[in-house]
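Subject: Structure handover

Hi,

Here is the structure for you to load. Please keep it open while you read the notes.

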Amino acid sequence: MTFSIIVPVYNGEKFIETSVDSALGQDYPGEYEIILLENGSTDNTSVICDEYARENSRIRTIHRGKIGLYMARQEGIRASKGDYIVALDADDYLRPEALSVLDKYIRRLQDKGYDPDLIFYNAAGMDNKGVPLGKFPFESDRTYSDEEKKAFKDLVCAGDSLNAMWIKCIKRTIADVGIDKTGLNYGEDLFQTAVYVDKAREIAYLNEILYYYRDNSESLTSTYNKAFMDNQEFVWKNIDRIADKWGDSSYKTQIDLRKSLTCAIAVAKIIYSDMTMKEKKEKLCSFMESDFYHTYARRKLPAWAPEEDVFVHGLMMEEEAEGALLHNAWKYDLKKCVKKLLKMG
């Protein structure tokens with residue numbers, strides 16, 4: 001059995017060596033390759049990736065320019081040769097036995113007459129490696145197919161516990177989503193997950209931690225970017241399409257709750273960003289005038305919504321929402337300024 005480890009990387013010089021070394025250090029005796037998709041970095045990442053490729057026959061580096069995280073993953077998948085795809089982010093690392101454990105698990109399933117297209121497994125934070133990040137209601141040593149796939153569809157629509165690409169091993173025959181979208185960096189994991197759950201004939205769950213995740217406050221997901229809502233609207237349009245295909249009317253309600261949460265997240269990114277108050281007001285007013293905001297912002301949030309987003313959503317529900325949000329942004333900037341002055345002196 002062969003594996004392809006796909007590593008999309010942009011400005012990853014700080015952690016890329018740890019990540020790639022974890023892939024190179026797999027104790028797996030079979031065939032596997034590592035594909036580094038360098039995504040238009042402006043730091044030393046490109047040089048590091050090329051050096052790895054020159055020195056290690058397992059590694060290929062592909063340069064595609066700044067095409068976005070989603071397209072980088074998809075380009076890596078299209079260039080891959082393995083039977084199964086394993087995702088690795090450039091600031092995380094794999095457990096040394098990850099490929100061996102997956103190989104043995106897949107073979108065990110095959111001996112029982114199963115043929116999994118998609119395998120979910122667990123991950124842990126780097127600071128607490130023995131505690132799984134997810135708790136899933138699935139059984140191991142079997143696959144879910146046909147109507148039983150509903151258990152996975154439910155989680156795709158209702159929450160984000162299945163989203164991360166790095167808790168999946170995907171058969172290469174279903175891994176190409178088939179839709180190009182340059183610049184897609186936000187929500188791409190949910191989009192791909194929904195496609196894979198839809199396409200997979202058999203889905204399995206391996207109850208083991210194979211991946212270690214770094215909580216990186218400098219990552220894309222923790223900063224404001226003007227492309228955020230463009231990406232989100234593209235993703236939700238496709239999630240609506242896939243959920244309609246699945247035919248459960250309850251999915252629309254769950255998805256609409258998450259769209260409301262998306263509005264709160266976007267607002268939080270704006271008011272807690274490093275922009276000036278003038279810029280914050282411009283961005284906030286522009287977003288609040290959008291069709292997406294008018295349609296979903298004042299609906300309920302999912303029960304699992306993070307505390308910060310619940311607070312921001314409460315401000316969004318006020319009669320003078322714009323003023324309440326900008327006042328909160330001003331208080332945030334003031335507190336940050338006071339902390340900086342105290343630290344200096």
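My notes follow, from the whole chain down to single residues.

This is a predicted model: local features need pLDDT of at least 70, side-chain atom pairs count only at pLDDT 80 or more, and totals for chains, interfaces and linings use all residues. Residues are numbered from 1 along each chain as its sequence is written, and side-chain values use heavy atoms, with hydrogens and water left out.

Overall shape

The chain has 13 helices and 9 strands. These are DSSP runs numbered from the N terminus: helices are H or I with at least four residues, strands are E with at least two. The C-alpha trace spans about 65 × 50 × 35 Å along its principal axes. The radius of gyration is 21 Å, which agrees with the value near 20 Å for a compact globule of 345 residues. That radius is taken over C-alpha atoms, and the globule rule is 2.2 Å times the number of residues to the power 0.38.

Buried residues make up 53% of the 345 in the chain. Buried means under 20% relative accessible area, exposed over 50%, and partly exposed in between (1.4 Å probe, protein chains only). About 16,800 Å² of the chain is exposed, and carbon and sulfur atoms supply 49% of that area. The areas come from the Shrake-Rupley method with a 1.4 Å probe; for residues, only the protein chains shown count as cover.

Contact here means heavy atoms within 4.5 Å. Take the contacts between residues at least 6 apart in sequence: 81% of them join residues at least 24 apart.

Helix α3

Helix α3 covers residues 69–79, and 10 of its 11 residues are buried. Among them are Leu-69, Arg-73, Glu-75 and Ile-77. The buried residues pack against four strands, β1 (3–9), β2 (32–38), β3 (59–63) and β4 (84–87), and against the helices α6 (172–175) and α7 (188–199).

Aromatics

The structure holds 20 aromatic pairs. One of them is Phe-191 with Phe-234, edge-to-face, at 5.5 Å centre to centre and 85° between the planes. Phe-191 sits in α7 and Phe-234 in α8 (residues 228–246), so the pair links parts of the chain 43 residues apart. Both rings belong to buried residues: Phe-191 has a relative accessible area of 0%, and Phe-234 has 17%. For the cut-offs, rings of Phe, Tyr and Trp (its six-membered ring) pair if their centres lie within 6.5 Å; planes under 30 degrees apart count as stacked, over 60 as edge-to-face and the rest as tilted.

There is also an aromatic cluster, formed by Phe-120, Phe-136, Phe-138, Tyr-144, Phe-152 and Tyr-205.

Single residues to look at

Asp-117 lies in the loop between α4 (98–111) and β6 (118–125). Asp-117 is buried, at 1% relative accessible area. Beyond its neighbours within four places in sequence, its contacts include Lys-171, Arg-201 and Glu-202.

Most residues other than glycine have a negative phi. Asn-11 has a positive phi of about 50°. Asn-11 is in the loop between β1 and α1 (16–24), and is partly exposed at 30%. Asp-146 also has a positive phi of about 50°. Its loop runs between β7 (143–145) and α5 (150–158). Asp-146 is exposed, with a relative accessible area of 65%.

Best wishes
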